[in-house]
Amino acid sequence: MSVVEDGAQNEGLPGAEAAARLARYGPNEIGTERRHRVRALASRLSGPVPWMLEAAIVLEIAAGKAAEAVIIALLVVFNAVLSFAQEDRAQGALALLRQRLQVRARVRRDGRWQVTDARQLVPGDLVHVRLGDIVPADVTVTEGTVWADQSVLTGESAQAQAGPGGRLFAGSLLRRGEATGTVTATGAATYYGRTAELVRTARTVSHLEQTIFRVVWALLAMDGALVVAILAYGIVTDLPMRELLPFVLILVVASVPVALAATFTLATALGAADLARAGVLVTRLSAIEEAAAMDLLCTDKTGTITANKLSVTAVRPYGEADVSQVLALAAAASDDATQDPIDLAILAAARSAGAAAPAARLSFTPFDPAIKRSEAVIGHDGTRVRVIKGAPQTVAALAEGSPEVGGDVAAMAAGGARVLAVASGAAPGAAPSGAAGSGRPGLELAGLITLADPPRPDSAALIARLTALGIRVIMVTGDTAATAEAVARQVGIGTRAGRTGTLREPPGPRGRPSAPEAGLDFDVLAGVLPEDKLRLVERAQRAGHVTGMTGDGVNDAPALRRAEVGIAVAAATDVAKSAASVVLTDQGLANIVAAVETGRRVYQRMLTYTLNKIVKTFQVALFLGLGLLATRQFVTTPRLVLLLLFANDFVTMSLATDNVSYSARPDRWRVPALSLVALGIAAPWLAVSFGTFYVGRDVLGLGLAATQTLVFVMLAATGQATVYLVRERRHLWRSRPSTWMLAATAADLTAVVILASLGVLMTPIPLGYVLVLLGAVGVATLLLDAVKVPVLARLAVR
């Protein structure tokens, strides 16, 4: 860590002083947050679902059922390893930022220049940088002039010029010039380092995790109430604890959504594989589920909405000149050797327009910010022609009798474009270049040229499609408001401008969003800093939005990490890609739509699984608890409950492959509505459960053990029926399930029939009873389906 301190002398710092400052401020690098793999894996064993399963293991051991305890333990380990393996694709943003600082630097110490590792630099060091160098630290220029490409830091395509007194930021790439300057900040205190700290500290909590917590704790609360009721009943009726303990065990095991985490992980992993084939890489699986709920997308401008490449957008000739001639003259005063974006854009436009190149260029003076123009002398028909290109006011002042260009310049720049003027005339023979002098007679204004960073061809269609999907887009950029509003207007985002100052205002009482936060009533936010982008994402999240952020530069990394859906475009820096949860590998942004659609399909599959699990928990837990109270008998056994766990929970993992469509609006988990729907479906199944028990025991005259087998068949069959009831919001026959689902159901029911009829792990019952029971469940399923459709529509469960 370092601070700004001016200790540079003409001779540089003494070696001893540099060593003292290195010990005081630390090396010029960014600290890392080491990840302990064992602890990371162990953390997967903590949480509502693991806790419930671990409690079940303890109860199994206490009941002397070691085999069941081992099986449940294996389930816990399976869930933990699967989750850890997917999340172990650790984000490398911080490490990449450190690598960017691992460069060599020219530093003057003890009166002589030397090359050293950049990590040895300290505030006050005198350094020298030149064309092609990566600036090793934040530097204030004391001598010379350079042009720096800071696009990976600021996200903007225009190069920044720094002369004496100007600042250069660590990580910038020098495109032109040489300069000497004083180091003012190193390590985490640099612009680059502060960004790394933002990346390291930015975190987000998955809405999926929050939903799982809410569902599991609700199930725990219900279980707790049932356990209290049963314990009270046992005390009143003097039931021994050795009989109550198996019941508590059954209740816990039956209610635990054992395969919930694994199913969510499997579904999102399959979605990630589909997206990879579509050119979208997912580095954080929760981003797929979050994409389904995303209702706000904060997108960078340069390189995301625009092409990050300057191009000529308009030419306004004057006098007898035409567009081609204006471009040819401008090209003569440009040089691709400078790699200046403006020169490259003009040369490309001239080639595209077929503008004739000058026969010979006799001299060339690159753009000089002091006089705001570049200049060339060309040979034409045996004469020498002087051409200048630069700021309109400067060029117009040099040209004789030039028209008033103020109005044209204002009109052409209204959209945020950059305007240049071009003039030409006879060059005095004695001074071919005429470089740095004042204007010479004979110059005439040839025309004006505007340059802009145009939108990508697919940006407008993308914005329209996202809007149709219910996602609002806000464009955030470090560029000027005029330029940002012009681009936003072109692609259909809107033109309402926001103020960055409002982002720095503290939130309302108790962290609640203030009125502006709740509305976020702007379409464009210009002149933003990296911290502002992060604040914007946090404000949107406080206002209840599930937020996406697209970007390509280092400046976007903290917001990409903090957003629920951080999207790095194909041309993004490695830092941005590592911080993002979604990386586009194809040019353009069209695949964002694929990510949203895939996320919403995954949501539909997980909604089916969750709704099915809640239904089954209501049915089984209430049946077990009320069954004991009503019959004074255990309606099933621990072993059968464990078999039911495999018959239902793990077979329904095939829902991760189901054929589903995506919704037209952002999806949100509405747990209260889901619980009402689940209770409405579970109630009839609960009646079927009691009916099955009484018919088996009292009508068919089966013993308790055989009746428990009959109940097991019924619970397995109704579990499969519930899957098909809830997977389709319309009538269950309106869409075809996936082949994997149908195969899993067929295999499951076949195994249940074989086990029950042959008496494997349970008391056998006649095959005819099993088949009749399956038929009865089928009829009940059709009746429930007729009731389900209006209930789901009324509760707006999509």
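**Helix 1, two positive phi angles and a surface patch**

The buried residues of helix 1 pack against strand 1. The model discussed here is predicted.

Visitor: Which residues of helix 1 are buried?

Guide: Helix 1 covers residues 15–25. A residue counts as buried when its relative accessible area is under 20%. In helix 1 this applies to Ala 18, Arg 21 and Tyr 25.

Visitor: Why are these buried residues on the same side of helix 1?

Guide: An α-helix has 3.6 residues a turn, so residues three or four places apart point the same way. On the other side of helix 1, Ala 16 and Ala 23 are exposed. The buried residues are on the same side because the arc they cover around the axis is only 65°.

Visitor: What is the phi of Asp 110, and where is this residue found?

Guide: Most residues other than glycine have a negative phi. Asp 110 is not a glycine, yet its phi is positive, at about 55°. Asp 110 counts as exposed because its relative accessibility is 52%, and it is found in the loop between strand 1 (104–109) and strand 2 (112–117).

Visitor: Is Leu 761 exposed or partly exposed?

Guide: Leu 761 lies in the loop between helix 26 (739–758) and helix 27. Its phi is positive, about 65°, although Leu 761 is not a glycine. Exposed means over 50%; the relative accessibility of Leu 761 is 47%, so it counts as partly exposed.

Visitor: Which residues make the nonpolar surface patch of about 320 Å²?

Guide: Tyr 769, in helix 27 (residues 767–794), counts as partly exposed because its relative accessibility is 31%. The patch is made by Tyr 769 together with Val 695, Val 699 and Leu 700.

Definitions and conventions
Residues are numbered from 1 along each chain as its sequence is written. This is a predicted model: local features need pLDDT of at least 70, side-chain atom pairs count only at pLDDT 80 or more; totals for chains, interfaces and linings use all residues. Side-chain values use heavy atoms; hydrogens and water are left out. Patches are made of residues with over 30% relative accessible area and no salt bridge: like charges are joined within 9 Å, nonpolar side chains (Val, Leu, Ile, Met, Phe, Trp, Tyr) within 5 Å. Accessible areas come from the Shrake-Rupley method with a 1.4 Å probe; for residues, only the protein chains shown count as cover. A salt bridge is a side-chain nitrogen of Lys or Arg within 4 Å of a carboxyl oxygen of Asp or Glu. Helices (H or I, at least four residues) and strands (E, at least two) are DSSP runs, numbered from the N terminus. Buried means under 20% relative accessible area, exposed over 50%, partly exposed in between (1.4 Å probe, protein chains only). The arc is that of the directions from the helix axis to the C-beta atoms. Contact means heavy atoms within 4.5 Å.
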